[in-house]
Amino acid sequence: MGNHRGLAKTRSHADKNSAGKNKDLLRSQVYLQPELHSQQNAPRGMVLLSERELIKMRRVGKLAAQLLKHLEPMVQPGVSTWELNDEAERWTQAHGAISAQLGYAPSGHPPFPGSICTSVNEVVCHGIPHRKQILQDGDIINIDVTLLLDGYYGDTSRTFLVGNPSAAVKKLVTVTEECMMRGIDQVKAGARLGDIGATIQEYAESWGFSVVREMVGHGIGKEFHMEPSVPHYGTYGRGTRLRPGMVFTIEPMLNLGTREIQFLPDRWTVITKDRKYSAQFEHTIAVTETGAEILTVCDELI
Ligand code: MF3
Ligand code: CO
Ligand code: CO
């Protein structure tokens, strides 16, 4: 993939510059240097993105983050989830991107009818925007946006407060965001996927909240959903070892009550079994040698 192109380019470059030079030097230029992001180091089924690809991932990630920021002031009592969807679609097109969610139809699902997911209160994820669904004071709503720009995907979501929810619900939302950030803090080359899940689960359960098991983070890049799966629960020291160039989402869903979920007959909407509230936050993350780079940000100078 991109990494093969990178390797080939380095090889011809090395060939040109090494005519008559010592073979060891050639070997170090050709094989050692690109190893950092070489596809050879990718665990089975996984893709490592090259620096050239990461530039595109930063672009689409930033645009997705900007879209969430653009929608934020609209999240008020009285707005319908369809109005949010409409504005998201307009803004996405105006910025030359495509909603990856509109029409998305993995096997077993009908095409998703919205450009964004709007998951209100007891909806865990994949809520469908609707004209008649009007936000009310005390609600919470997760808006999940996934954009496609120049061949690469960026996926991010946040849970917003509508007016003034109860203290318990506000705590659920702040703990969920903190779980995501603590998961991200675990990310660096050499760490394990289980470290991310264990950290999230430990913090969520320390506050008495439960972690949804069925929906997980996912690899992302030239595809919307790919390997690896990134559970938001697990065991320290277990699971796939992280390598520089791996890109995936961390998107914990925490429930006030039971972690059990149900699907609505629309085959998209996921709700809590006990109808208590659920919150979610999501970022797209790249693994670096020393830590994590959050790709779905718009505040930083990137
Ligand atoms: N953006 C969601 C995720 O985080 C997937 C939504 S798929 C849709 O992976 F079809 F429901 F939009
Ligand atoms: Co995602
Ligand atoms: Co998402």
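Two strands pair if DSSP finds at least two bridges between them. Helices (H or I, at least four residues) and strands (E, at least two) are DSSP runs, numbered from the N terminus. This is a predicted model: local features need pLDDT of at least 70, side-chain atom pairs count only at pLDDT 80 or more, and totals for chains, interfaces and linings use all residues. Residues are numbered from 1 along each chain as its sequence is written, while chains are lettered from A and ligands numbered from 1 in the order in which they are written.

**Sheets**

One open sheet has three strands in the order β6-β10-β13, with antiparallel pairing. Its edge strands are β6 (210-211) and β13 (278-280), and each pairs on one side only. Two bridges join β6 to β10 (residues 253-255) in the antiparallel sense. Ser 210 stands opposite Asn 255 in β10.

Another open sheet of three strands runs β3-β12-β11, and its pairing is antiparallel. β3 (123-125) and β11 (261-263) each have a single partner strand, so one side of each is left without a neighbour in the sheet. Neighbouring strands of this sheet are turned by 40° against each other on average, direction ignored; axes here are lines fitted to C-alpha atoms, for helices over the stretch in contact, and angles run from 0 to 180 degrees between N-to-C directions. Three bridges link β11 with β12 (residues 270-272). Gln 262 has Ile 271 of β12 as its bridge partner.

**The β4-β5 hairpin**

β4 (residues 140-149) and β5 pair in the antiparallel sense over 10 bridges. Asp 144 has Ser 157 of β5 as its bridge partner. The two strands form a hairpin with two residues between them. β5 (residues 152-161) is mostly covered, with eight of its 10 residues buried. A residue is buried if 20 or more other C-beta atoms lie within 10 Å of its own, exposed if 12 or fewer, and partly exposed in between; C-beta atoms are placed from the backbone.

**Two loop residues and a cis bond**

Two residues other than glycine have a positive phi.

| Residue | Phi | Loop | C-beta neighbours inside 10 Å |
|---|---|---|---|
| His 126 | near 60° | between β3 and β4 | 24, buried |
| Asp 150 | near 55° | between β4 and β5 | 11, exposed |

The peptide bond from Glu 227 to Pro 228 is cis, with omega near 0°. Pro 228 is found in β8 (residues 226-230).

**Helices**

α5 (residues 167-185) has 19 residues and reaches 27 Å from its first C-alpha to its last, close to the 27 Å expected. The expected span is 1.5 Å times one less than the number of residues. Buried in α5 are Leu 172, Val 173, Thr 176, Cys 179, Met 180 and Gly 183. Seen down the axis, the buried residues of α5 fall within an arc of 120°, so they line one face of the helix. The arc is that of the directions from the helix axis to the C-beta atoms.

α6 (residues 193-206) has 14 residues, and its end C-alpha atoms are 20 Å apart, which agrees with the expected 20 Å. In α6, 10 of the 14 residues are buried. Among them are Leu 193, Asp 195 and Tyr 203.

**Ligand 1**

The residues around ligand 1 include Gln 101, Tyr 104, His 126, Asp 144, Trp 268 and Glu 282. A residue is near a molecule or strand if its C-beta atom, placed from the backbone, lies within 6 Å of it. By class, this shell has four nonpolar, four polar and four charged residues. Ala, Val, Leu, Ile, Met, Phe, Trp, Tyr, Cys and Pro count as nonpolar, Asp, Glu, Lys and Arg as charged, and the others, Gly among them, as polar.
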